[in-house]
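Q: Please take a close look at the ligand site in this model. Walk me through what surrounds the ligand and how the site sits relative to the domains.

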Amino acid sequence: MNPERSSVGPDQIIGILGGGQLGRMLALAGARLGLRCQVYAPEPESPAFDVVRRITEADYSDEVALARFAEDVDIVTYEFENVPDNAARFLSSRLTVRPGARALTVSQDRVVEKTFARDCGLDVPDFEPVDDEADLERALARLGRPAVLKTRRFGYDGKGQAVIRMGDDPAAAYAAIGRQPAILEAFVPFEREISVLTVRGADGEVRHYDPVENVHRGGILRTSIVPAQIPAATTIAAVRMGRVLAEALDYVGVLAVELFVTADGRLLVNEMAPRVHNSGHWTEAACHCSQFENHMRAVAGLPLGSTERHADAVMQNLIGADVEAWRAIAAEDGAVLHLYGKRDQRDGRKMGHVTRLKTLSRG
Ligand code: AMP
């Protein structure tokens, strides 16, 4: 008998692609359920390596390492959406990958993503694909200024984006994002940004967490506040949008959808992430079952846990030097501190987060 397979409980080994803080928190949540995790990541200093029994330190293009990983684990998930095509295809041909390939294809490319959401009947910012400067001029003429130019792929935390305002030179903006295939979006004068986290089980059951309000600075999420200050009808609409997308993708796991709320109460899909999400970190402190545990439950084919919230919460990211306050935060009543164990502190680097709990205002 394989000594790895002797536990009472969900006796599975979950492979996680990506070794950042999200992979680390997934593995920790999996461990609470008795799931074993093996993390695959190319970076030797991956924060997730510290909390699992087995690691694969290899490049995503290394087919020998991928093949061994596929033999070691029962099922694969990931903590980032930019899983290289070759690795996703290679692993999918050998074992189950959850969420499935469709979720990756849709979320890796902003044009495909917005087209998909629109085809699902959801509102999105008006947009045009841009492949060269002539496209950009035409798109600007139709969408007007200001407009937001973004790379189609590999954008995160506001990277690969440029706002084009009156008087700005479009060619300079296109150069600033590296003259790559891009999308031009109409600028949305939103009142607030919210996100909704939906979890869909392997059996198709769908649950959601309460929508959360997000504050970004310099393109990076700083604070998430729950409940979001939105009318009940907007909450219902946001939750429905999450469900529509999860079902259309035949999704298994946690799906994060970021939305703009306009002054007249419209909801527009900004982007989706086929994974656990920074705007859901509060769930580990304020919900019966966190986004991390529910993702692992869905991936392992277990029953979903309750997404009910037992407290109001404000989650603050500890970015760069913010983390130096960790000792004071650790001593604070009502503060739930989570540090990622990263060795090097750098400007803009997510080092940890703290969730401050408050009395529940609304169920
Ligand atoms: P993204 O990487 O697409 O999430 O964009 C990062 C941030 O830029 C968002 O959270 C918004 O604050 C802002 N942003 C992105 N797209 C638009 C848009 N079309 N109109 C206005 N602001 C935007």
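A: A residue counts as near the ligand if one of its heavy atoms lies within 4 Å of it. The model is predicted.

Start with the shell. There are 14 residues around the ligand, and K150, Q161, V188, E193 and E271 come nearest. By class, the shell holds six nonpolar, three polar and five charged residues.

Now the polar contacts. Q161, one of the nearest residues, places a polar side-chain atom 2.8 Å from an oxygen atom of the ligand. R110 also reaches a ligand oxygen atom with a polar side-chain atom, here at 2.9 Å. A186 uses its backbone instead: an N or O atom there lies 3.1 Å from a nitrogen atom of the ligand. As for cover, the ligand taken alone exposes 470 Å², and the protein buries 90% of that.

Which elements give two or more residues to the shell? They are β7 (147-151), β9 (182-186) and β15 (267-273).

Next, the domains. The assignment gives domain 1 (3-97), domain 2 (126-186) and domain 3 (190-358). Domain 2 and domain 3 each supply at least three residues to the shell. Their centres, taken over C-alpha atoms, are 28 Å apart.

These two domains also touch directly. Four residues of domain 2 are in contact with five of domain 3. The size of an interface is often given as the accessible area lost when the parts come together. Between domain 2 and domain 3, the buried area is about 290 Å². Carbon and sulfur atoms give 29% of that area.

Key:
Residues are numbered from 1 along each chain as its sequence is written. This is a predicted model: local features need pLDDT of at least 70, side-chain atom pairs count only at pLDDT 80 or more; totals for chains, interfaces and linings use all residues. Side-chain values use heavy atoms; hydrogens and water are left out. A polar contact is a pair of N or O atoms within 3.5 Å; within protein, one must be able to donate a hydrogen and the other to accept it, and residues adjacent in sequence count only if both atoms are side-chain atoms. Accessible areas come from the Shrake-Rupley method with a 1.4 Å probe; for residues, only the protein chains shown count as cover. Helices (H or I, at least four residues) and strands (E, at least two) are DSSP runs, numbered from the N terminus. Ala, Val, Leu, Ile, Met, Phe, Trp, Tyr, Cys and Pro count as nonpolar, Asp, Glu, Lys and Arg as charged, and the others, Gly among them, as polar. Domain bounds come from an automatic or database domain assignment. Contact means heavy atoms within 4.5 Å. Buried area is the accessible area (1.4 Å probe) that two parts lose on being put together, summed over both.
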